[in-house]
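Open the structure in your viewer and keep the selection tool at hand. The stops below go from whole chains to single residues.

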Amino acid sequence: MALSREQIAMRVARELEDGFYVNLGIGIPTLVANYVPEGMEVMLQSENGLLGMGAFPTEEELDADMINAGKQTVTTVKGASIFSSAESFAMIRGGHVDLTVLGAFEVDVHGNIASWMIPGKLIKGMGGAMDLVAGADNIIVTMTHASKHGESKLLPNCSLPLTGAGCIKKVLTDLAWLEIEDGAFILRERAPGVSVEEIVSKTAGKLIVPDHVPEMTF
Amino acid sequence: MAGFDKVVNTYEEAMAGLESGMTVIAGGFGLCGIPENLIARIKEMGVKDLTIVSNNCGVDGFGLGVLLEDRQVRKMVSSYVGENALFEKQLLAGELEVELTPQGTLAEKMRAGGAGIPAFFTATGFGTPIAEGKEVREFNGRPYIMEESITGDFAIVKGWKADRYGNVMYRHTAQNFNPMAATAGKITVVEVEEIVEPGELEPSQIHTPGIYVQRVIKGTFEKRIEQRTLRQA
């Protein structure tokens, strides 16, 4: 079975470490916040200028001046800080964020990522994604392994305009956990009940399959 | 006005001197911390062919979105746009030009512009469509692209509190792009919720020192929420 959105978030959460500052992109990455292991402290960075993002507010706490990068109303956790956009991107571009999780349309064996623009469709913009992928060392991309029509999104070369070049080393799809090294995807783990053959058939870029590929457990 | 007193009492005075064809830098992220009354005044003035530098372009009928209604904007410099139907329509009709700029690069363009730095190098965007035509230099083995800074004829800023001398504090995440915008305008206009006397704000807590600010006005704000997300109490 392919991983559910929640299982993808749960698997990413296993990469968290105590004391990490983490930026979570919009969509599935946001769900990672729900699976921080008990007893572990992480601070969520939101690129509009907040370090220490908390839960959504109650009706009483609701404040128009307190939002996250998805423009949702939020609260702060104890020990949070708030700052300007320049300061926020100094953290991101200066490599101070420990882990960045974001979605993508395509990744390739060179570590390129395409996530913001489909030619011919309305282009809304890259927001902070180009800064995040260029600035972070530790990035996890979460995405579906193939399109609804079965076309692989793990490619020899991205076909869509890039968000960043040569910056992705870890990818979690609904089928597999992969690393990118020396021009190839390396299959590290597979989703429960998903065969290596299925992953091979849905990976268009060069794929290295080690002798033993453990199944994820949840 | 006398000495360092920057307070003006009407929005006519606040935006006096703005002309068609000028560049306006605006603070705000989404609808949070936007100078909503200064934007409304620009609509009233009817000036056209504006270049607006702002992370986003408001929504239909609110924020910078209102300037699209009478086609006052020629060009937007933004990181994320298209939350409004009118924007999309004008873009597809070729009536509006958009220069998409990564969010951190946009913040840095304003910051550097205000600090007298004409350009800077960044890894952001290297190898992507936004790097086309830009100078590439290698530092410590990594390629960087050159980005030019931005200054504006006007900067419009939303603060929380200001004193009469134009020292400004922002509230929560309504800070966002406002402090950088404030530094990058030839004429910087700040609208705030409260104006106090000099000396009432703690000097070390001021986000934007008054030296950057030419005009301060007190406004009342709707503060519309774009995504009202709640949890159960």
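In chain B, residues 24 or more positions apart account for 72% of the contacts with a separation of 6 or more. Keep in mind throughout that this is a predicted model.

**Stop 1: chain B as a whole**

Select chain B and colour it by secondary structure. There are 6 helices and 13 strands to find. The C-alpha atoms fill a box of roughly 50 × 50 × 45 Å along the principal axes of chain B. Is the radius of gyration of chain B what a compact globule would have? For 233 residues the expected value is near 17 Å, and chain B has 18 Å, which agrees.

Now switch on the surface. Chain B has an accessible surface of about 9900 Å², and 47% of it belongs to carbon and sulfur atoms. Of its 233 residues, 54% count as buried. If you colour by charge, you should find 24 positive and 31 negative charges in chain B, with mean positions 2 Å apart.

**Stop 2: two loop residues in chain B**

Most residues other than glycine have a negative phi. The next two residues do not follow that pattern.

Select B:Asp49, in the loop between α2 (36–45) and β2 (50–53) of chain B. Its phi is positive, about 55 degrees, although B:Asp49 is not a glycine. Is B:Asp49 buried or partly exposed? Its relative accessibility is 44%, so B:Asp49 counts as partly exposed.

Then select B:His172, in the loop between β10 (168–169) and α6 (178–183) of chain B. B:His172 also has a positive phi, near 50 degrees. With a relative accessible area of 32%, B:His172 is partly exposed.

**Stop 3: where the chains meet**

Show both chains and select the residues in contact. You should get 52 residues from chain B and 48 residues from chain A. The size of an interface is often given as the accessible area lost when the parts come together. Here the area buried between chain B and chain A is about 3900 Å², and carbon and sulfur atoms give 60% of it. Which three residues supply more of the area that chain B buries than any other three? They are B:Thr173, B:Thr229 and B:Arg231, which supply 16% of the area that chain B buries against chain A.

**Stop 4: chain A as a whole**

Hide chain B and look at chain A, which has 5 helices and 13 strands. Its radius of gyration is 18 Å, close to the 17 Å that the globule rule gives for 218 residues, so chain A is as compact as a globular protein of that length. The C-alpha trace of chain A spans about 50 × 40 × 30 Å along its principal axes.

Buried residues make up 55% of the 218 residues in chain A. Chain A exposes about 9300 Å², and carbon and sulfur atoms supply 51% of that area. Chain A has 16 positive and 28 negative side chains, and the centres of the two sets lie 6 Å apart.

**Stop 5: helix α1 of chain A**

Select residues 5–13 of chain A, which form helix α1. The buried residues in this helix are A:Ile8, A:Ala9, A:Arg11, A:Val12 and A:Ala13. Among the elements of chain A that cover them are α2 (28–31), β5 (99–103) and β12 (184–190).

**Stop 6: A:Pro192**

Finish at A:Pro192, in the loop between β12 and α5 (196–201) of chain A. A:Pro192 is partly exposed, with a relative accessible area of 26%. Leaving out residues up to four places away in sequence, A:Pro192 touches A:Met1, A:Leu3, A:Glu215, A:Met216 and A:Phe218.

Technical notes: Residues numbered from 1 in each chain as written. Chains lettered and ligands numbered in written order. Predicted model: local features only at pLDDT ≥ 70, side-chain atom pairs only at ≥ 80, totals over all residues. Heavy atoms only, no water. Helix = DSSP H or I, 4+ residues; strand = E, 2+ residues; numbered from the N terminus. Rg over C-alpha atoms; globule rule 2.2 N^0.38 Å. Buried < 20%, exposed > 50% of the residue type's maximum accessible area, 1.4 Å probe, protein only. Contact = heavy atoms within 4.5 Å. Areas by Shrake-Rupley, 256 points an atom, 1.4 Å probe, with all protein chains shown as cover. Lys, Arg positive; Asp, Glu negative; His and termini not counted. Charge placed at Lys NZ, Arg CZ, Asp CG, Glu CD. Buried area = accessible area lost by both parts, 1.4 Å probe.
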